[in-house]
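Welcome, and thanks for opening the viewer. Keep the selection panel at hand, and let us walk through the model stop by stop.

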Amino acid sequence: MENINMRHEAKRYACAIVAAVIFAVNIKTFVRAGGLYPGGFNGLTLLIQGIFEKFAGLAVPYTVINVTLNAIPIFIGLKFVGKKFTLSSCCVIILSSILTDIIPSQPITYDTLLISIFGGLINGFGVSLCLIGNTSSGGTDIVGIWVSEKSGRDIWNYILVGNACILIVAGLLFGWDKALYSIIFQFTSTQVVQILHQKYKKHTLFIITHKPDEVYEEISHLTNHSATRIEGIGCYTGAKTSLLYSVVSREEAKLLVRKVTEVDPTAFVNIIKTDFINGRFYHKTDY
């Protein structure tokens with residue numbers, strides 16, 4: 001068990017370090033070149049930097065602003081979410097901030113549309129890497145997890161409103177073209193995250209089997225989810241059979257299909273994508 005935990009933590013910090021490098025390089029090669037404002041605290045940091053430069057003539061380091069803004073989310077994470085998750089998120093925040101300040105700016109292109117698309121792709125990959133490693137880029141991610149766990153409500157729409165406010169201020173101060181291109185950046189980034197991060201996507205399993213007890217044992221052991229058993233009769237064969245109904249994550253569904261086939265090679269499995277569930281559902285957390 002100790003070796004498993006060590007491997008898990010090694011994976012967590014490896015993802016955190018690589019993601020931090022990706023965020024910093026993306027800012028210095030794409031985001032800054034296009035004058036964009038990505039969502040979350042990174043975008044807010046760049047906006048505050050721009051305000052200081054334009055109206056006060058001060059070049060405030062990215063690290064100072066970003067770490068200061070993340071102080072409250074880090075406190076929330078340590079107190080309410082989990083130390084392991086928050087400390088690894090601190091690694092992303094601090095390392096990406098320092099690298100953003102010390103890495104020289106090397107724009108690849110000055111075409112703002114290309115910057116919006118490819119910068120968004122790279123940013124989405126970095127965010128997905130954080131999620132895969134069970135860490136985050138800090139800021140709104142930590143706050144969002146805390147509120148969702150505490151209240152059971154989806155806070156991400158409110159975060160979207162916050163991002164919209166950042167873009168409105170950026171548009172008023174620095175031009176609406178940059179703000180509108182930032183929307184393309186954020187949209188592209190979100191699509192990449194949705195494609196790469198499947199942990200919270202649900203699938204409904206309908207399993208027709210002659211070995212319901214053995215199949216349920218696999219469901220319970222692999223996923224910690226329960227199932228509903230319905231007795232029936234096969235219309236073609238007239239033989240008695242059982243239908244097991246269960247909702248699991250997409251990753252768990254793939255593994256379960258293999259296990260069910262091993263337990264009952266004659267089992268019939270139907271998998272349906274599930275957009276919404278209401279009721280008690282087990283969420284595996286490792287914060």
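Start by selecting α6 and α9, whose axes come within 7 Å and cross at roughly 35°. Please keep in mind throughout that this is a predicted model. The crossing of α6 past α9 is right-handed. Colour their contact by residue class, and you will find 13 nonpolar, nine polar and one charged residues.

**The whole chain**

Now zoom out to the full chain, which holds eleven helices and four strands. Of its 287 residues, 41% count as buried. If you draw a contact map, look at the contacts between residues at least 6 apart in sequence: 76% of these join residues at least 24 apart.

**Helix α2**

Next, select residues 40-56, which form helix α2. This helix has 17 residues and reaches 24 Å from its first C-alpha to its last, close to the 24 Å expected at 1.5 Å a residue. Which residues of α2 are buried? Show G40, F41, N42, G43, T45, L46, L47, Q49 and G50 as sticks, as these are the buried ones. While you look down the helix, recall that an α-helix has 3.6 residues a turn, so residues three or four places apart point the same way. Just past the end of α2, click on G57, whose phi is positive, near 65°.

**α2 against α3**

Keep α2 on screen and add residues 62-69, which make up helix α3. In general, two packed helices are described by the angle between their axes and the distance between the axes. For α2 and α3, the angle is about 130° and the axes are 9 Å apart. Angles over 145 degrees would count as roughly antiparallel and 65 to 115 as roughly perpendicular, and α2 and α3 are therefore oblique to each other. Their crossing is right-handed. To display the contact, pick F41, N42, L44, T45, L46, I48 and Q49 on the α2 side, then Y62, I65, N66 and L69 on the α3 side. By class, this contact of α2 with α3 has seven nonpolar, four polar and no charged residues.

**α3 against α4**

Hide α2 and bring in residues 71-81, helix α4. How do the axes of α3 and α4 cross? They come within 4 Å and cross at roughly 40°. That makes α3 oblique to α4. Select V67, T68 and L69 of α3 together with A71, I72 and P73 of α4 to see the residues that make the contact. Five of the residues in the contact of α3 with α4 are nonpolar, one is polar and none is charged.

Stay for a moment on A71, which lies in helix α4. A71 has a relative accessible area of 42%, so it is partly exposed. Then add G139 and draw a C-alpha to C-alpha distance: A71 and G139 are 68 residues apart along the chain, yet 8.7 Å separates these atoms.

**Three loop residues**

Move on to the loop between α6 (112-132) and α7 (140-151), and pick N134 there. Is N134 buried or exposed? N134 is buried, with a relative accessible area of 10%. Its phi is near 60°, a positive value in a residue other than glycine.

Now jump to N224, in the loop between α10 and β2 (228-233). Phi of N224 is near 65°, again positive in a residue other than glycine. At 51% relative accessibility, N224 counts as exposed.

For the third, go to G175 in the loop between α8 (156-174) and α9 (176-196). The relative accessibility of G175 is 22%, so it counts as partly exposed. Add G35 to the selection: G175 and G35 are 140 residues apart in sequence and 9.9 Å apart in space, C-alpha to C-alpha.

**Last stop: helix α11**

Finish by selecting residues 250-263, helix α11. At 1.5 Å a residue, its 14 residues should span 20 Å, and its end C-alpha atoms are indeed 20 Å apart, which agrees. Show E252, A253, L256, V260 and V263, which are buried. What covers the buried residues of α11? Turn on β1 (202-209), α10 (212-223), β3 (240-249) and β4 (268-274), which are among the elements that cover them.

Methods
Residues are numbered from 1 along each chain as its sequence is written. This is a predicted model: local features need pLDDT of at least 70, side-chain atom pairs count only at pLDDT 80 or more; totals for chains, interfaces and linings use all residues. Side-chain values use heavy atoms; hydrogens and water are left out. Axes are lines fitted to C-alpha atoms, for helices over the stretch in contact, and angles run from 0 to 180 degrees between N-to-C directions. Helices (H or I, at least four residues) and strands (E, at least two) are DSSP runs, numbered from the N terminus. Angles under 35 degrees count as roughly parallel, over 145 as roughly antiparallel, 65 to 115 as roughly perpendicular and the rest as oblique. A crossing is left-handed if the near helix is turned anticlockwise from the far one by less than a right angle, and right-handed if clockwise. Contact means heavy atoms within 4.5 Å. Ala, Val, Leu, Ile, Met, Phe, Trp, Tyr, Cys and Pro count as nonpolar, Asp, Glu, Lys and Arg as charged, and the others, Gly among them, as polar. The expected span of a helix is 1.5 Å times one less than its number of residues. Buried means under 20% relative accessible area, exposed over 50%, partly exposed in between (1.4 Å probe, protein chains only).
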